[in-house]
Amino acid sequence: MRSLSPMLEKDSLRLLRDALDKLEAGFAPLPPLGTSLPDEGSVARVLLEVAGRLQDNYPYFHPLYAGQMLKPPHPVARLAYMLAMWINPNNHALDGGRASSQMEKEAVADIARMFGWETHLGHLCGGGTMANLEALWVTGQIHPGSTVVASQQAHYTHSRISAVLGLAFESIPCDRCGRMDVQVLQQRLDQGGIGTVVATIGTTATGAVDPLPELLELRHRYSFRLHADAAYGGYFVLSDNLGEETQRTYACLDEVDSIVVDPHKHGLQPYGCGCVLFRDPAVGSFYKHDSPYTYFSSSELHLGEISLECSRPGAAAVGLWATQRLLPLVRGGEFASMLQDTRLAALKLFEKLQKEPRFMTAFPPELDIVVWAARLARVSQASEIARAIFTEAARYDLHLALAELPVDFFDLAAAGMERDRDTITCLRSVLMKPEHLAWIERIWELLVKATDTVWQQHKAGD
Ligand SMILES: Cc1ncc(COP(=O)(O)O)c(C=O)c1O
């Protein structure tokens, strides 16, 4: 069956065959196996059934999918991951995945170096939640019985993880730009009992970046542990086109105690690839444990000795290593330029939104997430209309997202709006694919079309 239009890249499958041949050659000295595909007809039938089932998805790979934080992996990541599937290495111990463990160590060291760390302790894990769990677990070992704080816009995972770890958790309100309010934090620090401050380097809802220079200043005075949740925003450390304040924060990211970054968000990896890094390798002592079953093949470091998860996909490390080999994590490189394009796309959309009288913008995007609201007499009406635009846009194949945000992020007085609710339902777009930049005009055209329809219906209903 030939596809009608080249929507999904498939040429790369040819490369996989050559790579498989090379991989197989490495095992040639073994007695032949004569392996073949068991029951090809049935496998083909089931696979086509799977393809049919997978059609029930939003088109995450397409630039008109401009909603949630989702983007396809790079072809090289996909291929390298698949190639590793013929071996299925387990990066828990060298016994389960020698090459992929080494590739993980190299790839993670490159990520640490991207943040300015020549020495570190770190590893890959299932994703941002697991990575943050390890960072907060370590902090709980260092400051037992103390409280963890994060901003009200921090990912909800922090309060949940703290509960899992038996650590008290408190939220600190945000300023009008969606960043942690440092003055409120200081008042809370004066009351005592805080062991850890989580700085979000790119919040999930709006992409706001907590002000690290001020937080570092406070750490100096109150000596808490500073953890950076850069799960979404970490890679922007390579970007040359950030705003001045945002840039100031990225410039001192190397001074925090731990960093979480998700290669499966902006690092072009398939899901199942988070990364946690500690500045001080000595925290490795907290992971110390005995295992009678593994670690017997070598005295070299087994990744299971420095991670909470046991079995982990070596394929995730292989995909990441291959991607970083092709697109090194350096300023001015191709990977950095992709991030710059996503931010440019966000700035372009923001500029258009600012000029459109039916919309109201909050603060300018710090990274590549844009949020905006409808401008109507009351906040409740604006929320309803945002939901209607979201649904109408999807009818034209433009997929956006919604976010419930504090009304304080918007200048209601300037917009002449009545505050009849404390939060407002906003439209939100994560423009995280570099292709979004070339598609902004089309995205805008469809957004205006959806808005026209919803506005007419709203007027007719008045
Ligand atoms: C800032 C931040 N932290 C943590 C997470 C959780 O990451 P994951 O979904 O990979 O577990 C997310 C997810 O969007 C995030 O944006």
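The following exchange goes through the ligand shell and the largest pocket of this structure.

User: How do you know what may be read from this model?

Analyst: This is a predicted model in which local features need pLDDT of at least 70 and side-chain atom pairs count only at pLDDT 80 or more, while totals for chains, interfaces and linings use all residues. Residues are numbered from 1 along each chain as its sequence is written, and side-chain values use heavy atoms, with hydrogens and water left out.

User: What makes a residue part of the shell around the ligand, and which come nearest?

Analyst: A residue is near the ligand if one of its heavy atoms lies within 4 Å of it; there are 14 such residues, and Gly 128, Thr 129, Thr 204, Asp 229 and His 264 come nearest.

User: Why is the pair between Thr 129 and the ligand called a polar contact?

Analyst: The term asks for a pair of N or O atoms within 3.5 Å (within protein, one must be able to donate a hydrogen and the other to accept it, and residues adjacent in sequence count only if both atoms are side-chain atoms). A polar side-chain atom of Thr 129 lies 2.6 Å from a ligand oxygen, so the pair qualifies. The side chain of Thr 204 has an N or O atom 2.8 Å from an oxygen atom of the ligand, and for Lys 265 the corresponding distance is 3.0 Å.

User: Which helix gives the most to the lining of the largest pocket?

Analyst: Helix 2 does, with six residues, where a helix is a DSSP run of H or I with at least four residues, numbered from the N terminus.

How values were computed: Helices (H or I, at least four residues) and strands (E, at least two) are DSSP runs, numbered from the N terminus.
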